[in-house]
Amino acid sequence: MKQSKLDLAGLPAKAAGEIDDRLQVSSPLRRLLNKVFPDHWSFLLGEIALYSFIVLLLTGTFLTLWFDPSSNEVTYHGPYTPLQGIPMSRAYESALQLSFEVRGGLIMRQMHHWAALLFMAAIVVHMLRVFFTGAFRKPRELNWIIGVLLFWLGFVEGFAGYSLPDDALSGTGLRIASAIMLSIPVIGSWVTTSLFGGEFPGHEILGRLYIAHVLLVPAILLGLIAAHMGLLVKQKHTQWPGPGRSNDNVVGIRMFPGFAAKAGGFFMIVFGVIALLGGLFQINPIWLFGPYEAAVVSAASQPDWYVMFLDGSTRLMPPWEARFPLWPGHHYTLPPLFWPTVVLPGVLTMLPLFYPFIEARKFKSKASHHLLQRPRDVPTRTALGAMALAFYIVLLISGGNDVIADKFDISLNAMTWAGRVGLLVLPPLAYWITYRACLGLQQHDREVLAHGVETGIIKRLPNGAFVEVHQPLAPVDEHGHPAALPYAGWVVPKKMNRVGALVPTIKGFFFPIEEPAKPAYPSEAPVSPAPTREGITSGKQ
Amino acid sequence: MSTNSDVDFDVNDRSLTRFDLVKEGARRDGVEIVHYAPRFPVPGTRAEKRVERAIALMLFLTGLLGLGFVVAYIWWPWKYTPGNGLQRLYNPVLGLTLGLSLAFLGFAIVTWAKKLLPEEVSIQERHDQPSLDERALTGATMLNMVDETGIKRRPLLKGALLVGAAPLGLAAAAPLIGGMIKSPKHSLFETAWKPANGQRIKLTREDGSQIRPEDVSAGGQATVFPGVPGGATNEHADSPVLLIHLREQDAQTLRDNLKNVAVNAEDGGAMWGNYVAYSKICTHAGCPASLYEQQTNRLLCPCHQSQFQITDNARPVFGPATRRLPMLPLTVEDGVFVAKSDFRVPIGPGFWERP
């Protein structure tokens, strides 16, 4: 029998054909390859969070191979001399071993911690982007809600993570967490003893935190991230207004090869930055903190940055304890800790969850929105966001007010009072300033569209008056008056370079590598003409 | 998405280029490629070569640094030893090689995508108008599903389902809640200072040694633990105490202030001479309030900056704490400090049942 010759070059095509015979994947696959993604730098922020999460999974898996979440007491005999002979929990000892006695263990630990900080930072900045550009509006409310949940899950995951090594800082954090749980009315003491398996700290909590940190929360995070991405694919990306862009299309590049290559490259860059941080910048040096002892704490005890705003709210809370008799002879206590650490996070969860619906109701908007809005075009929302941000920043700064007081030689009590006052005064102020700034920016856009770009050339009129020459953006009529240009919801060129008055930079380091392009005449510069909105708006549409 | 012009397009037409097929595929997916131009219309220009060389260099550096990482990982002295040595650079070297290797790979790919892949503008139609017909059909199917079960006209089954499902739902929750639930009992009201078998508990240092009055000089203070097995460990996280030897004048101020506090006057007073002991666990969130300022006799909790005026019976004078630090009644037996009794109020952060 004649042996058929193996056709190596035709093998991939043949294999693909065999797969398609069985699964009929060619059209869904092609639809995925052809999916169009719009391009803008602000769309990369969420990607940073996604890539940090992947790094977290990779480094975290490595850490589980050595870490032992046991609260059994052991005596340290490792190579780190300052702690030798000191009793500590097995969890702390294994975290020390990871840092000193596992080859590459320290960089993995530090990368894990840096990636967690970056994950939360990227989530917050991504959330701000989505909020200020109105990307959360119908039909994307569900994805916004998932995003808010992802923030809080990341928060819990991060807290559980830095509580695990059982060093002085993590134990202090856990003790505060137990006090927060204790402050809940009626059920507080039961919740605390149930979760800790007895009185603080007990023997259960590390094991429970561990399984939550490595299995439960990551599994929910993974599921929600998958849903987040799935909804993104289903609903397609939002885009900025611009030439050819409308509410009914997506303008950009196809997923393959362009978008995928950029995204893949960006992943490697994020991964690289985390590796550099993990190698070069010390984070959470647990060996300097020592094991957790209930009687020991040092000054400047700070949680990770994403927990700091709640630490700040706790510090600023005035000592208002409610004590009341429910029936004669029995008094009950509502500790002040309850308000900044249970009620405030509750409000901070519920408000953003419902914000898309509240806004739609206020603006009486029922349509689907796929075009983003510049923050200046919706002053109410932008000002509300600035207000929330001011509130958050005051809390964040107050979370480190002892360090600021120390470094800048300010009275600690003055810092606390400044925070208390600032928390009430700055948000409304931020609202007002932002609102005015938005209106001003809108007005300037309209002015440039109507009169043109300032050239910086001053002309003296025959009557002695000075005027600045403006370069109109639209063609002029026979009297020299430019035609009216509608505002298109996108950047209006405001500098002469932007309309091609200057020759573009010539590429090449030592010598030019290409012929410089000819400058376009300003009057021929492209201006996006799509008339979508008119006049200054308050964001209603 | 497919339109009626599918039939006009012959995929097997030999005169079509591959890009014609790409465009047709995209069209069928609702994507129109409106602009597609190579970055370098004339192949092989100096500018193009320059980009190619840059990418190649970055990929070469990726490999070199990646190899450097592996070499350093294996051969660089890594074992921790105190003092300066090459091993101190182990972590930075790993970070530099791995980080730069990954970053160069990332920059190479991004440069490739931005400088060499064709410039493209594609437009994809959104189809997010719900089909009301489809919705009506699905709705009918779902309602029919309910009808088929006949749950509406079979009230007995409806009731039986409820009676059957609810206990099973509880059974699912029971192990989790039942397994974890634990009564606080008296744990929040008692500490290890409670006299055991009629024996008062001694004040001990972290190493278990007893404390005599002459061990703490005037103006000084010491952290002490209950003299029970494991008294200084986290087993008794509610028991650490700060023993303070006040100067004569300060002690007198405190004694004057204590006259109004009935609970401290029991059993002949809770101070012993100029010595006084307060729970170290902050009444706000449970951190150890351990920063003692001798000049003002204030105790500061470093977690949330609550400040307690020791000479005013540890009254909270600033910050979020609302209650005084509980005082441990002191006395001296056989020359060493002992606690007369447990704290007379619960220590630590507030909770609902606290009277």
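Me: Why is A:Arg30 called partly exposed?
Reply: This is a predicted model, and in it A:Arg30 has 28% relative accessibility. Buried means under 20% and exposed means over 50%, so A:Arg30, at 28%, counts as partly exposed.

Me: What makes A:Arg30 and B:Asp29 a salt bridge?
Reply: The closest N and O atoms of A:Arg30 and B:Asp29 are 3.0 Å apart. The cut-off is within 4 Å, for a side-chain nitrogen of Lys or Arg and a carboxyl oxygen of Asp or Glu, so this pair forms a salt bridge. Between chain A and chain B, the count is three salt bridges.

Me: Is B:Asp29 buried or exposed, and how do you know?
Reply: B:Asp29 has 3% relative accessibility. Buried means under 20%, so B:Asp29 counts as buried.

Me: Good, now chain B. Why is the link between B:Glu24 and B:Arg28 called a salt bridge?
Reply: Their side chains meet at 2.8 Å, N to O. The limit is within 4 Å, so the name fits. Both residues lie in helix 1 of chain B, four residues apart, about one turn of the helix.

Me: What makes B:Glu24 buried?
Reply: B:Glu24 has a relative accessible area of 9%, and buried means under 20%, so B:Glu24 is buried. Its partner B:Arg28, at 21%, counts as partly exposed.

Me: How do you know that strand 4 of chain A and strand 2 of chain B pair?
Reply: These strands share four bridges in the antiparallel sense. Pairing takes at least two bridges, so they pair. One of the bridges has A:Asn249 and B:Glu125 as partners.

Conventions. Residues numbered from 1 in each chain as written. Chains lettered and ligands numbered in written order. Predicted model: local features only at pLDDT ≥ 70, side-chain atom pairs only at ≥ 80, totals over all residues. Heavy atoms only, no water. Helix = DSSP H or I, 4+ residues; strand = E, 2+ residues; numbered from the N terminus. Buried < 20%, exposed > 50% of the residue type's maximum accessible area, 1.4 Å probe, protein only.
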